[in-house]
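Reader: Hey, I'm new to this one. Can you put it up and walk me through it?

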Amino acid sequence: MKTSEIWNLFVHQNGGWDKVGCTKKDLYNSLAAGRRGVDDLDANTTLTFLQSKLDIDPECFYAYMVDEESRLTHLFWADGASRFDYELFGDSLAFDSTYKTNRCQMPLVVLVGSNNHGMTCVFGFALIQNETAETYTWVLQKFLECMKDKLSETILTDGYRSMNKAIEDLMPSVVHRTCSWHILNNAIKHVHEEGFVGELRNLIKRYYSVDEFDLCWNKMLLDYNAENNEWAKALYSSRHQWADTHLRGSYFGGSTATNRCESMNAFLKRFLDEKLPLWRALQHCDHGLAALRYGELGKHAADKLSTPVLKRTSMSKIEEQFASIYTRNMFLEVRNQITRSEKYNVVRHHKLKASDICTIEKYLSKDHPKRKVTFKRIEKEMSCDCYWLETKGIPCRHVFAAMKHLHLSDIPRNIIKNRWLKECKDIYLSSPDAQRRFVNPDMISSKRYGGINSQANLFLYYCKKSPKVQQMGMELMSTLLVEMQKMVEDVGEE
């Protein structure tokens, strides 16, 4: 709570400025002196704060490093809800650092992914002294320790060498993508030819065959006098980390840039300030995380209480099935592909012993590449050579065009992704795998705590905004606690 808010609360409680018993300056001086006493022990206070979280969240994890003078140099932490989210949505990981979040000027690293609503979820935080390869190696080591050595399938970074080195050493099997925004920004600095950035953007985002990509690349260099540009040569040598042609089939959370990290950093900065001591920076990160999870709870509640309005596309039964199982955001993405499929036709159909192969062509678009969709009749599985499902996580328009041609009334099982299901968290918690991964019997209650804690932090955040809101909150809380106590006494703990 800000000092000005404390002063206004004192004025309200005592009935006027003249009845507080001290001046506003006295209050500022007193609080500043108290904070200085705590801040002198900033590192110890920070670790004490994290240790206290363990008492109520047994799945909370933290690790730290100190120098020879016992000063805190690196800190990593993740609560139980973040660890649980990584279990479900850790197929793609992105991380980036931001600055001016605390008084010690330690960069804040945020490790994020996307949940079943396609919204950002946080897997962990780190405060680091510097951005060397050794530091990022330490961060990733602690992250993997926290997540019980579970590797993501892909990772997205801004391409700094120190990050790359750490990833190569600790996650050699993970597909690594470099942020396209950083590449295009560097292109402006290194190739001073108008139009080059636009051509490079096309090479990043369009799907070519490998031979087509090389032809387009060489033509671009020739057109913009960049054949001997050293930066361009180095960029081409790392093309497998930024071109969709070479990354097709790898899921990156629907992003080609670290904008998810950067938007998360911008969001957190609403709660952080470069004047904050470390322990308060952690506290404010919790407030930001609570607000983020509150948005997720709102989406979850909307999915439970309502269903999206159906457009009645040409595949209404398939549309209904996706609407009933997928979160609203992801259903809308799927429906968009169903709608787009109406522009495609099956121009050739090979019926084999156990499968069907359909050649798909876009209507009145001879230059558009043809696609092959394969349907395995016994396994009830469907795939397309555009790899949209593997890359974006949802079935492509070519698949829906083939389904219509084959008169399929049910969704092929392999194109349903559990990560988009409305109830994916509840389904996972009831699975044997959850019991194996989270040996701690308190995991289920810890997951409940994660959601409740997010709401409680937001409750406190609003209560401190106004004496009236605080009074209303206390009255509601008192009534609710009585009802909850009675319920536990009647039905017992579960």
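Author: Sure, let's go through the inside, a helix and a surface patch; keep in mind that this is a predicted model.

Reader: Cool. Which residues touch the most other members of the largest nonpolar core?

Author: Those are Phe76, Phe95, Phe143 and Phe322, in a core of 64 residues. Helix α5, residues 133–146, gives the most to this core, with 7 residues.

Reader: And what is Phe143 in contact with, leaving aside its neighbours within four places in sequence?

Author: Phe76, Tyr86, Leu93, Leu111 and Phe123.

Reader: Which residues are in the second, separate core?

Author: That core has 24 residues, including Leu108, Val122, Phe252 and Leu282.

Reader: Switching to helix α10. Which of its residues are buried?

Author: Trp231, Ala232 and Leu235 are buried there, in a helix that covers residues 230–237. They span an arc of only 95 degrees around the axis, so they sit on the same side of α10.

Reader: What do the buried residues of α10 pack against?

Author: Three helices: α7 (180–190), α8 (196–205) and α9 (210–223).

Reader: Now the outside. Which residues form the nonpolar patch on the surface?

Author: Tyr462, Val469, Met472 and Leu476, with about 390 Å² of accessible area together. Helix α21, residues 467–491, supplies the largest share, 3 residues.

Reader: Take Met472, in helix α21. Why does it count as partly exposed?

Author: Because the relative accessible area of Met472 is 47%, and partly exposed lies between under 20% for buried and over 50% for exposed.

Methods. Residues are numbered from 1 along each chain as its sequence is written. This is a predicted model: local features need pLDDT of at least 70, side-chain atom pairs count only at pLDDT 80 or more; totals for chains, interfaces and linings use all residues. Side-chain values use heavy atoms; hydrogens and water are left out. Patches are made of residues with over 30% relative accessible area and no salt bridge: like charges are joined within 9 Å, nonpolar side chains (Val, Leu, Ile, Met, Phe, Trp, Tyr) within 5 Å. Accessible areas come from the Shrake-Rupley method with a 1.4 Å probe; for residues, only the protein chains shown count as cover. A salt bridge is a side-chain nitrogen of Lys or Arg within 4 Å of a carboxyl oxygen of Asp or Glu. Helices (H or I, at least four residues) and strands (E, at least two) are DSSP runs, numbered from the N terminus. Buried means under 20% relative accessible area, exposed over 50%, partly exposed in between (1.4 Å probe, protein chains only). A nonpolar core is a set of buried Ala, Val, Leu, Ile, Met, Phe, Trp, Tyr and Cys residues joined through side-chain atoms within 4.5 Å. Contact means heavy atoms within 4.5 Å. The arc is that of the directions from the helix axis to the C-beta atoms.
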